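Trainee: Let's go through this model together. I'll ask, you reason.

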Amino acid sequence: MRRWLAFAALVGGLVAWLVGFGPDGSTSSVVVDSTTVATGTFFPTSRAQLTNLPPGEAAAIVSLGSTGAGIPTSDSDHAHTDVVAEVPLSAVDAPIFATQLALAQQSISSHDTEEKATALGYVRATAPSGGIGTHWVLWSQIAKPFNPATPSMLLFDERRNPAMLVGYSYALQSPNRPDGFAGPNDHWHQHRGLCVEGGWVVREQAPGPDACSGTYIAGGDFWMLHAWVVPGWDNRKGEFAPFNPKLCPPTVGTPDVNRCPTDDG
């Protein structure tokens, strides 16, 4: 799943823009062909393409919306403008974190192209977002335990042709804040009212199931974490910061709704 439009500007001012990429009503299984044209602008040229979700993925989405969870009680650290301060790890957490990070980075070569992502069952689920990129989601992974080598989401920079993997995003179904990477530095956040059609996140902050023609995911047990683990895409705002200034479009010529939350990128 721009937030987890990230799913943070996934909606907001981008809702109207997203409709052009979303399902057209002729089928419940729509993903978007990520063919890109390097034009020098932030958003690539893309076209909607009807297709079927990989086996089990449609059922996984329905299951995520059928838990009975309500909406999140707060934004749960979802502050795109903040630097995520990191604290030194304890002697116990440091080696565990090092192992987890190594596992994540060792898996990059298996996920670093859109073709590999598709083969693994990921589907393109959001439009590009400033500071984040485009989310490709493996919906069935969200209900499984945390695994640093198998992220639920991949973040691609589609300004490039071919698109480039720039980070991971972990999403987990949990009634409480998940235990992910060792230590206190992985700041998980939540999104409320996700509306998903055919694997595509149509909108965020939908007020309820009646406002969603697809699967409504309230978000109370849905947690996310961006992790800038891909070499070359280290993030000065923090390894688990919500957005990466390296992915921010230029301020001049970019509509306000498509810019990063701050202009310091």
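Trainee: Which side chain does Asp157 meet in a salt bridge?

Mentor: This is a predicted model. The N-to-O distance in the pair is 3.0 Å, and a salt bridge requires the two atoms to lie within 4 Å. The partner of Asp157 is Arg160.

Trainee: Is Asp157 buried or exposed?

Mentor: Buried means under 20% relative accessible area. Asp157 has 2%. Arg160, at 37%, is partly exposed. So Asp157 counts as buried.

Trainee: Which residues do salt bridges with shared partners join into one network?

Mentor: Asp157 and Arg160 meet in one salt bridge. Salt bridges that share partners build the network. Its members are Asp157, Arg159 and Arg160.

Trainee: How many residues apart in sequence are the parts tied together by Asp234 and Lys246?

Mentor: Their side chains meet in a salt bridge, 3.1 Å from N to O. Asp234 and Lys246 both lie in the segment after strand 11 (222-227). The parts tied together are therefore separated in sequence by 12 residues.

Trainee: Which strands are the edge strands of the open sheet with the order 9-8-10?

Mentor: The pairing in this three-stranded sheet is antiparallel. An edge strand here pairs on one side only. That applies to strand 9 (200-203) and strand 10 (215-217).

Trainee: In strand 4, which residue is the bridge partner of Arg124?

Mentor: Strand 3 (123-124) is an edge strand of the six-stranded open sheet. Strand 3 pairs with strand 4 (residues 134-137) in the antiparallel sense, over two bridges. The partner of Arg124 is Trp136.

Definitions and conventions
Residues numbered from 1 in each chain as written. Predicted model: local features only at pLDDT ≥ 70, side-chain atom pairs only at ≥ 80, totals over all residues. Heavy atoms only, no water. Pairing = 2+ DSSP bridges. Helix = DSSP H or I, 4+ residues; strand = E, 2+ residues; numbered from the N terminus. Buried < 20%, exposed > 50% of the residue type's maximum accessible area, 1.4 Å probe, protein only.
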